[in-house]
Structure formats: C-alpha cells, structure tokens
Amino acid sequence: MDIDAGRQVYLPRCNGDVDDDGREKRTGTVWTATAHIITAVIGSGVLSLAWAMAQLGWVAGPLSLVLFAAVTFYTCGLLADCYRVGDPVSGKRNYTYTEAVQSYLGGWHVWFCGFCQYVNMFGTSIGYTITASISAAALKKSNCFHWHGHKADCDVLLTPYIIAFGAVQVIFCQVPNFHKLSWLSAVAAVMSFSYATIAVGLSLAQTISGPTGKTSLTGTEVGVDLNSSQKVWLTFQALGNVAFAYSYAIILIEIQDTLASPPGENKTMRQATVMGISVTTAFYMLCGCLGYSAFGNNAQGNILTGFGFYEPYWLVDFANVCIIVHLVGGFQVFCQPLFAAVEGKAARQYPSLARNRAVLFRLVSRTAFVGLVTLLALLMPFFNSILGFLGSVAFWPLTVFFPVEMYIRQRQIPRFTTKWVALQSLSFVCFLVTLAACAASILGVRDSLKIYTPFKTKV
C-alpha cells in the first residue's frame, strides 16, 4: 500500500488570501469545527445504543459512554497537537492523518495506519449497506403493520434492498472526486441529526406513555434472557458498538486543516473537541438510556427498525428515509478516499492509464468495489455484529495507539517515566477492550451464520 504523504511548499504571504503554506486562507472557527465533529460522530451508531445499554445495564451502560467519551477527548487532544511538526503555530502542516503518522513515526507505522484506515473504510461501507437496506425494508414493513395490524406477518426479504442500494452507489461512485459531492455530504449531515432526534423523541414518548420493558442494574439477566457465556460475549460486543459511535479521530486532522490561525489550530481544535464530544455524549445518553427505559432488556439491535415503534408510522417512515439518505452520502465519504488512493497508485505505476483510460478504469474498478461490498453485505447482513467489529477495529489503532505514539515522539518522553507508563497503560487497556470486542463480534457473526440461509434473510 503506497501512502503519499505529500509535500508542502512554503510561500511568502503577499496578501491576506493565502496561509503560510500557500493554500487558500483557512477561515474555520471553533464553531465550524464543533459542527463537523457532531456531524461526523452522530450517525448510524446511535441506533444500536439502546441495545448496547440492554447488554450493559444502568451502571455499566452510562459509565461506558462516559469512559469512551473521556478517552476519545484525551487522545484527540494529543492528536490535535500533531497537526504541525515542530512549532505548534508555524511548523509544517500535516494535511491528513496518514501524513501526521509519516511525519512523526514513519516506517511500518505508516503502512499499519493505511491498513487500519482502509479496512475501516471498506468495513464501514459494508455496514452502511446493511443498515440502509434494513431501513428501506422497514418502510414496507411499517406500512404493512399500519394497514394490517401489529400481529400481521410483515417480514420482508432483505436481498432486493441490498442490491438496490448497491445499484445506487454504482452511480454515485462514478463522480470523479468527493469535492463534487459536497452537497450530498451536507444533506447527509441534516439527515443524521434528524433520525437521531426522532429516535430520542419516540423513546421518550414510549417511556412516558408505556408500556415499558424490564430493566436492571446489570442489563440482560443470566438464566432469564441468556446464559453466562452469551452474557460475556454480548457485553464485549456492546462495547464495540459504543466504540463505533465515537469513531471520528480518523478525520480529525482533516477538520483541523480547515481552521484559521491565529490562535493555534491545536488550541481551537481542543475547544471544539470538548464542545463536540459533550454534545454527542449527552445525545447518546438520551438515546441509549431512553431507548433502554422504553424497551428494557428486549431492546432491539436497531431502535428504528426493530419495531418497538409502530406509530406514528409516518414519523417512523420519515426517520428511516433519513437513515437511507444519510448512508447514501456516508458511503461516499468513506469510499472516495479509498478510490483516490487506488487510482493514484495505478496512475503512478501506469502513467499511460491516467492519460488514456482513466474513465474506463474508474468505471470498472469502482463498480467492482461496490459489487464486492454488496455481495459481502448479502452474505453477512448482521447489524450489531458488524458495527461491533467496525468499532473495535477502528477504536484502538486510530483513536488511541497512533495519537499516543505520536505524542510520545513529539514530546520526546523518556521510556519508563511516569507519563510514558501512564500513556502506554492507557493504550494497552484500550487494546484489550478492542481485542475482546472484536472477538465477540466475530463470534456473533459466526453464531448468526449457523442459522442463516444466504440471500434469504428477512427483517
């Protein structure tokens, strides 16, 4: 995997329209950065939080949200300090996460960072395909329940919806680069906040009006809801779902690169991180706790498609439409950087390809990618297991390991000092949580496959 770190050319400031690197002057503020963070964090991960709370209970559930928020805030602060190399105000800028890793660590770290990023992008595209398709199927199911009663047989075959989502993405993927899709990203941001707000509102209404499900301090009960082995594995899988809900470090450097200076970008980014994570954590608390309060230990994996909510059916339908629109855009957010990396490497190795057959190569390669993603989504349409796996894969390396290692290298912290031990201990504990969540999610996929018939999944 070839990661091009890029080169910066420093030009003198001849006017107020350019920054110290010769690029167009950045105008971002703490408020725009906060908005970017909230937009990036609040997404499909919020839909699984009620289920995660059901596995963890009233004690460990809210506590896990707070701890993941605290770790994310701290390590994102470390990462913000790595935006520039050397002087935090005038040092060389790193435009991307990978450039920061190359500037501070180099060697195998760059390859490992690229691997983690691209695995996360590829996996997230599968997760988004599954989630959007379930929401599309839920539209038909919701209307069936409304017109034929809540006890009617309204199961819907998922396969056609996965294929349809793939077909839509084949079209959008032919857009040459993500800059041409900024309008889609803006619409997706509005949609994500809309369906998350609807989920909170419906959960609150259900909690107030009843009936509500049985809850407990420890969540699902051994001997009643599941056995002890299932309890352990589902607890770790739930932690993976929580981790997925906080995955935004992968784009922090890109957000920071929009900020004006002075003041130093790292200071502004720290302020934005405090505000952004505080808002999203409060929102997650509402969605997770109210969802658990409404449905108890029987909370479904996806709060808007598990049909705890039947009415008002039009509002449930609107929320699911919002999910679909958001994930159409979200798919492109994660896939366009992957396309750019593949096509950039191909152009460097085969210059004639870039000149003569670039459009044909883009058509074939991107269509093949979407086809592979669609096929894997058809083979593994398991919402919570996939989200748990994605959260675990992305959390430790991208949110904890690289920020800690870059900060240690930047500040030249001696080995085995108190601060070095504390930072490495944090990284190791998060690695163990990631490992357990990843194993639990893989086990969840394996167990689901035992009772699964390919291409015949119904929701």
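This is a short talk on the helix packing, a few buried residues and one loop of a predicted model.

I'll begin with the overall picture. The protein has 14 helices and 2 strands. Its radius of gyration is 22 Å, and the globule rule gives 23 Å for 459 residues, so the protein is as compact as a globular protein of that length. The C-alpha trace spans about 70 × 60 × 40 Å along the principal axes. Of the 459 residues, 53% are buried. On contacts, take those with a separation of 6 or more: 82% of them are between residues 24 or more positions apart.

Now to the helix pairs. Two packed helices are described by the angle between their axes and the distance between the axes. I have two pairs to show.

The first pair is H10, residues 313-349, and H12, residues 358-379. How close do the axes of H10 and H12 come, and at what angle do they cross? They come within 11 Å and cross at roughly 135°. The cut-off for roughly antiparallel is over 145 degrees, and H10 and H12 are therefore oblique to each other. Their crossing is right-handed. On the H10 side, the contact is made by Phe331, Cys335, Gln336, Leu338, Phe339, Glu343 and Ala346. On the H12 side, the residues are Phe361, Arg362, Ser365, Arg366, Phe369, Val370 and Val373. By class, this contact has 9 nonpolar, 2 polar and 3 charged residues.

Keep four of those names in mind for the next residue, Ser125. Ser125 sits in helix H4, which covers residues 108-148. Is Ser125 buried or exposed? Its relative accessible area is 0%, so Ser125 is buried. Leaving out residues up to four places away in sequence, Ser125 touches Phe331, Cys335, Phe369 and Val373. Phe331 and Cys335 belong to the H10 side of the contact I just listed, and Phe369 and Val373 to the H12 side. In other words, a serine of H4 touches residues from both sides of that helix pair. As for spacing along a helix, an α-helix has 3.6 residues a turn, so residues three or four places apart point the same way.

The second pair is H2, residues 49-80, with H9. The axes of H2 and H9 come within 10 Å and cross at roughly 175°. That makes H2 roughly antiparallel to H9. The contact of H2 with H9 has 21 nonpolar, 9 polar and 1 charged residues.

Staying with H9, which runs over residues 265-295, one of its residues is Asn266. Asn266 has a relative accessibility of 14% and therefore counts as buried, the cut-off being under 20%. Which residues does Asn266 touch, not counting those up to four places away in sequence? They are Ala80, Asp81, Pro88 and Gln256. Ala80 falls within the residue range of H2, 49-80.

Next, a short helix. H3 covers residues 97-104, and 6 of its 8 residues are buried, so H3 is largely enclosed by the rest of the structure. The buried residues are Tyr97, Thr98, Glu99, Ala100, Val101 and Tyr104. Glu99 is in that list, and Glu is classed as charged. Just after H3, Gly106 takes a positive phi of about 65°.

The last stop is the end of H13 and the loop that follows. Ile408 is in H13, residues 383-411. With a relative accessible area of 10%, Ile408 is buried. Outside the residues up to four places away in sequence, Ile408 touches Ile413, Trp420, Leu423 and Gln424. Ile408 and Lys419 are 11 residues apart along the chain, and their C-alpha atoms are separated by 9.2 Å.

The loop between H13 and H14, the latter being 418-450, holds Gln412. Phe416 is found in that loop too. What is notable about the backbone of Gln412, given that it is not a glycine? Gln412 has a positive phi of about 50°. Phe416, which is not a glycine either, has a positive phi of about 70°. Gln412 has 68% relative accessibility and so counts as exposed. Phe416, with a relative accessible area of 61%, is exposed as well.

To sum up the loop: Gln412 and Phe416 each have a positive phi, while Ile408 in H13 is buried. That is the end of the talk.

Definitions and conventions:
Residues are numbered from 1 along each chain as its sequence is written. This is a predicted model: local features need pLDDT of at least 70, side-chain atom pairs count only at pLDDT 80 or more; totals for chains, interfaces and linings use all residues. Side-chain values use heavy atoms; hydrogens and water are left out. Axes are lines fitted to C-alpha atoms, for helices over the stretch in contact, and angles run from 0 to 180 degrees between N-to-C directions. Helices (H or I, at least four residues) and strands (E, at least two) are DSSP runs, numbered from the N terminus. Angles under 35 degrees count as roughly parallel, over 145 as roughly antiparallel, 65 to 115 as roughly perpendicular and the rest as oblique. A crossing is left-handed if the near helix is turned anticlockwise from the far one by less than a right angle, and right-handed if clockwise. Contact means heavy atoms within 4.5 Å. The radius of gyration is taken over C-alpha atoms; the globule rule is 2.2 Å times the number of residues to the power 0.38. Buried means under 20% relative accessible area, exposed over 50%, partly exposed in between (1.4 Å probe, protein chains only).
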